[in-house]
Structure formats: C-alpha cells, structure tokens
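I sat down with this model and kept notes as I went. Here is what I looked up, in the order I looked.

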Amino acid sequence: MQNDDASIRPNERLLDQLSPLDDDSANLFEDNLELFCVLVKRRQQAPVLMTQPLAFESAEQIRFNKIVKAVAEREGVLLVDLEAEFRKQNNPQAFFFEDGIHFNDSGSTLAAEIIMEKLRMNIESTENMRGFK
C-alpha cells in the first residue's frame, strides 16, 4: 500500500490522538515552563513565552496554550500570544501549509512581525521605566 503524504490531512481528532496531553503530561509541561523561567531569570535574562497557533481547532492545542498563558502571567514574563494574533486575521488558514500546523512563507513573515513588534514594545517599555531614551 502506497502512502501518499499529500492525502494526509491532520484534523483535531487525529492530532489529539497522536499527541494527547493527559494530566501528567500537562503538569510536566507546566513544571518545565516554570523551571525554564526560573533558570533564565537566574541568568538575569528575560524569558519570553509564546503560544502556538494552528489553522484548525484542537482541544489539545487550546489546553497547551492555556498553560503557556498561565505560566507567563504567574511568572510575570513576556507573552507573545501568536494564537490570538493569528485568529485576528481574516483567513488564518492562509498562513499555514496544508498540514495546518507549520507556517508557510506568509505565516512565517506574520509571526516574525508580531514577535518583533511585541519585543520592541517590551524593550521600549523597559527603557522608559529605567529612564533611557
């Protein structure tokens, strides 16, 4: 039987079955994000967390992104909410390859612009608080 990769179209159920985020995995992921933030802060650097958008609805991805947002808020670190920014677009699916997971060129450009703007705003805010500029 020939496997035609072009015919494989992930959907919510398939993605969620392939990478289930059970409670143990979710807790481990959250613990690791918190540890990441602590370790980066100890090096006197600023951690940045980011949500991951998809071109389709996925219960697992929603849960994953909620954890990222909760840790960012709890740890007081910068959050780049790509999920929310991509949902604002008229046709968010246009920014992904057919798999609905990976960005195409337009998606990569949009993500880079969003990240750059969020980092720029954070740097300017920090500089203003310290009296620079």
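**Entry 1: Phe86 and its surroundings**

I began with Phe86, which lies in helix α4. I'm working from a predicted model, so local features need pLDDT of at least 70 and side-chain atom pairs count only at pLDDT 80 or more, while totals for chains, interfaces and linings use all residues. Residues are numbered from 1 along each chain as its sequence is written, and side-chain values use heavy atoms, with hydrogens and water left out. For the element names, I note that helices (H or I, at least four residues) and strands (E, at least two) are DSSP runs, numbered from the N terminus.

Is Phe86 buried or exposed? I get 2% relative accessibility for Phe86, so it counts as buried. My cut-offs are under 20% relative accessible area for buried, over 50% for exposed, and partly exposed in between (1.4 Å probe, protein chains only).

Next I listed what Phe86 touches, not counting residues up to four places away in sequence: Pro53, Pro92, Phe95, Phe96, Phe103, Gly107, Leu110, Ala111 and Ile114. Contact here means heavy atoms within 4.5 Å. I also checked Phe86 against Gly107: they sit 21 residues apart along the chain, and their C-alpha atoms are separated by 8.8 Å.

**Entry 2: Phe95**

Phe95 was on that list, so I followed it up; it counts as buried at 16% relative accessibility. I found Phe95 in the loop between α4 and α5. Leaving aside neighbours within four places in sequence, Phe95 is in contact with Phe86, Gln89, His102, Phe103, Asn104, Ser106, Gly107 and Leu110. From Phe95 to Leu110 I read 8.1 Å, C-alpha to C-alpha, with their positions 15 residues apart in sequence.

**Entry 3: the overall layout**

I stepped back to count elements and got five helices and two strands. From the N terminus on, I wrote the order down as α-α-β-α-β-α-α. The protein has 133 residues, and buried ones make up 29% of them. Among contacts with a separation of 6 or more, 65% come from residues 24 or more positions apart.

**Entry 4: α2 against α3**

How do α2 and helix α3 (residues 59-75) pack? I noted an angle of about 35°, with the axes 10 Å apart. The axes are lines fitted to C-alpha atoms, for helices over the stretch in contact, and angles run from 0 to 180 degrees between N-to-C directions. α2 passes α3 in a right-handed crossing, meaning that the near helix is turned clockwise from the far one by less than a right angle (anticlockwise would be left-handed).

On the α2 side, the contact includes Phe29, Glu30, Leu33 and Cys37, and on the α3 side it includes Phe64, Ile67, Val71 and Arg74. By class I have nine nonpolar, no polar and seven charged residues. In this scheme, Ala, Val, Leu, Ile, Met, Phe, Trp, Tyr, Cys and Pro are nonpolar, Asp, Glu, Lys and Arg are charged, and the others, Gly among them, are polar.

I picked out Glu30 of helix α2. Leaving aside neighbours within four places in sequence, Glu30 is in contact with Ile67, Val71 and Arg74. The C-alpha atoms of Glu30 and Ile67 are separated by 6.3 Å, and the two residues are 37 apart along the chain.

**Entry 5: two loop residues**

Gln44 caught my eye, with a positive phi of about 55° although it is not a glycine. Gln44 is in the loop between α2 (23-42) and β1 (48-50), and it is exposed, with a relative accessible area of 71%.

Asp81 lies in the loop between β2 (78-80) and α4 (82-87). I found Asp81 buried, with a relative accessible area of 19%. Outside its neighbours within four places in sequence, Asp81 is in contact with Thr51 and Lys69.

**Entry 6: the largest pocket**

Last, I looked up the largest pocket, with a volume of about 220 Å³. A pocket is an open set of points on a 1 Å grid over the protein atoms alone, where a 1.4 Å probe fits, with protein on both sides within 12 Å along at least five of seven lines; lining residues have an atom within 4 Å of a point. Grid points are joined across faces, edges and corners, and the volume is the space filled by probe spheres set on the points.

I have 15 lining residues, of which Leu54, Phe56, Glu57, Glu83 and Arg87 lie nearest the centre. By class, the lining has seven nonpolar, five polar and three charged residues. α3 and α4 each supply at least two residues of it.
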